[in-house]
Structures are given as C-alpha cells and as structure tokens.
Amino acid sequence: MVSARAVAERVTDPELPMLTLADLGVLREVSEEDGRVVVSITPTYTGCPAMDTMRDDLVHALSSAGYREVEVRTVLQPAWSSDWISDTGRRKLAEAGIAPPGAAPRRTGPVPLTLVPPAKRVECPRCGSADTHLVSEFGPTACKALRRCRACAETFEHVKEI
Ligand SMILES: [Zn+2]
C-alpha cells in the first residue's frame with residue numbers, strides 16, 4: 001500500500017494543475033490516527049474557491065488508494081505565503097509559461113516608508129526579458145496577475161507574492 005503521504009503529495013492544485021499541493025506548500029501534514037488519515041492543508045487565500053476541490057481531490061485520491069477514513073483539516077495559521085512554493089514548483093511554473101512569485105513582502109518588523117513604490121521586476125517566462133508590465137491585477141484566478149512582455153509581446157500569468 002502506498003503511504004498516505006505519498007498519495008496526498010501527488011494531488012494537484014485545481015488552479016495551477018502543473019503543481020502538486022506539496023509543490024505549492026499547501027499540504028502541511030499527513031498523519032494517521034487510529035486507522036484514519038488526517039491531512040492538514042493551508043489555503044493559498046482565505047475563502048479560496050479551490051479549497052473544496054482540493055478537499056474532494058484529497059479524499060478521492062486517498063480512498064482510491066485504500067484509505068477508507070480520511071479527514072481534511074484546514075489550518076489557517078500561519079497564513080500561506082508564496083515563499084512556500086518549492087523550487088520544483090517554481091521550475092514547473094516557469095516551464096508552463098507562468099512567472100513564479102518573487103520574495104513575499106515581509107509581514108513583521110517596521111515597514112519602510114517610501115515615496116515611490118518599488119517597481120516590481122517580473123521576468124518574462126518565454127524570453128527572460130525583465131521589460132514587462134502589468135495588464136491586470138487579476139488574471140483567470142485571484143492568485144495570478146496578467147502581464148505583458150514588451151520584448152516578445154507575450155502575455156503571461158504571474159503568481160502574485162503574498
Ligand atoms: Zn518576453
């Protein structure tokens with residue numbers, strides 16, 4: 001029998017299907033308690049509509065692998081950060097033509113006051129040019145923005161830093 005963790009790690013994200021929940025850092029813990037599998041996940045966004053799909057996919061994958069009792073728990077603290085996306089996950093995003101997130105903004109400590117917000121540097125996943133601009137803060141899903149490259153005219157998605 002495949003371990004419950006191995007099964008859960010292969011489940012993919014509904015909105016970024018090239019990434020597994022493990023790549024995304026959404027999968028927090030898989031444990032077995034009294035014959036039942038307990039999976040803890042942290043949603044990328046509070047109220048993310050993909051959560052129900054993730055939950056169903058996890059239960060389905062685990063029950064298909066022979067685990068009859070599955071409980072999926074949602075862990076909201078600490079909040080998910082795009083920094084949790086693994087290096088493998090970032091590579092898969094880039095290969096799919098989606099710009100991976102840069103470093104997430106710091107949540108603690110003093111916030112530096114600047115008159116001009118720092119220009120965000122996002123490289124085009126197709127040609128590598130940094131000459132890209134924001135088209136829309138919201139792409140097909142809330143966690144992605146839409147950008148366009150001035151060098152090759154490609155429009156691409158960018159996973160936002162949170
Ligand atoms: Zn380009």
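A nonpolar core is a set of buried Ala, Val, Leu, Ile, Met, Phe, Trp, Tyr and Cys residues joined through side-chain atoms within 4.5 Å, where buried means under 20% relative accessible area, exposed over 50%, and partly exposed in between (1.4 Å probe, protein chains only). The model toured here is predicted: local features need pLDDT of at least 70, side-chain atom pairs count only at pLDDT 80 or more, and totals for chains, interfaces and linings use all residues. Residues are numbered from 1 along each chain as its sequence is written, and side-chain values use heavy atoms, with hydrogens and water left out.

**The whole chain**

Begin with the entire protein in cartoon form. The C-alpha atoms fill a box of roughly 55 × 40 × 25 Å along the principal axes. The protein has 4 helices and 7 strands; helices (H or I, at least four residues) and strands (E, at least two) are DSSP runs numbered from the N terminus. Read from the N terminus, their order is α-α-β-β-α-β-α-β-β-β-β. Of the 162 residues, 36% are buried.

Next, colour domain 1 (4-74) and domain 2 (121-162) separately; these bounds come from an automatic or database domain assignment. The centres of the two domains, taken over C-alpha atoms, are 29 Å apart. Their contact (heavy atoms within 4.5 Å) takes 4 residues from domain 1 and 7 residues from domain 2.

**The largest nonpolar core**

Select Val39, Ile41, Leu58 and Leu62, the residues with the most contacts inside the largest nonpolar core, which has 27 residues. At least two residues of this core come from each of α1 (4-10), α2 (21-24), β1 (27-33), β2, α3 and β3 (70-74). The largest share, 4 residues, is supplied by α3. In soluble globular proteins, nonpolar side chains tend to be buried together.

Centre the view on Leu62. Residues up to four places away in sequence aside, Leu62 touches Ala4, Val7, Val37, Val39, Tyr67 and Val70. Apart from the largest core lies another, of 5 residues, among them Ala99, Val122, Cys124 and Phe156.

**The loop between β2 and α3**

Which residues does Thr42 contact, neighbours within four places in sequence left aside? Select Thr42, in the loop between β2 and α3, and display its surroundings: the contacts are Val26, Arg28, Val75, Pro78, Ala79, Trp80 and Trp84. Thr42 is buried, because its relative accessible area is 1%. For a sense of distance, add Thr155: its C-alpha atom is 30 Å from that of Thr42, and the two residues are 113 residues apart along the chain.

In the loop between β2 (36-41) and α3 (51-64), select Thr44. At 9% relative accessibility, Thr44 also counts as buried. Its contacts, residues up to four places away in sequence not counted, are Leu24, Val26, Trp80 and Ile162.

**The cavity**

Keep Thr44 in view and add Leu16, Leu24, Trp80 and Cys143; of the 14 residues that line the largest cavity, these five are the closest to its centre. A cavity is a set of points, on a 1 Å grid over the protein atoms alone, where a 1.4 Å probe fits but cannot get out, and lining residues have an atom within 4 Å of a point. The structure holds 1 cavity of 30 Å³ or more, and the largest cavity has a volume of about 90 Å³. Grid points are joined across faces, edges and corners, and a volume is the space filled by probe spheres set on the points.

The lining comprises 10 nonpolar, 1 polar and 3 charged residues. Where does the largest cavity lie with respect to domain 1 and domain 2? Both domains give residues to its lining, so the largest cavity lies between them.

**Backbone features**

Most residues other than glycine have a negative phi, and most peptide bonds are trans. Three places invite inspection of the backbone.

- Select Gln77 and Pro78: the peptide bond from Gln77 to Pro78 is cis, with omega near -5 degrees. Pro78 is located in the loop between β3 and α4 (87-95).
- Select Asp34, in the loop between β1 and β2. Phi of Asp34 is near 50 degrees, a positive value in a residue other than glycine, and Asp34 is exposed, with a relative accessible area of 81%.
- Select Ala153, in the loop between β6 (144-149) and β7 (155-159). Although Ala153 is not a glycine, its phi is positive, about 65 degrees; Ala153 is exposed at a relative accessible area of 56%.

Technical notes: 1 Å grid on protein atoms, 1.4 Å probe; cavity = no way out; pocket = protein on both sides within 12 Å on 5 of 7 lines; lining within 4 Å. Nonpolar A, V, L, I, M, F, W, Y, C, P; charged D, E, K, R; others polar.
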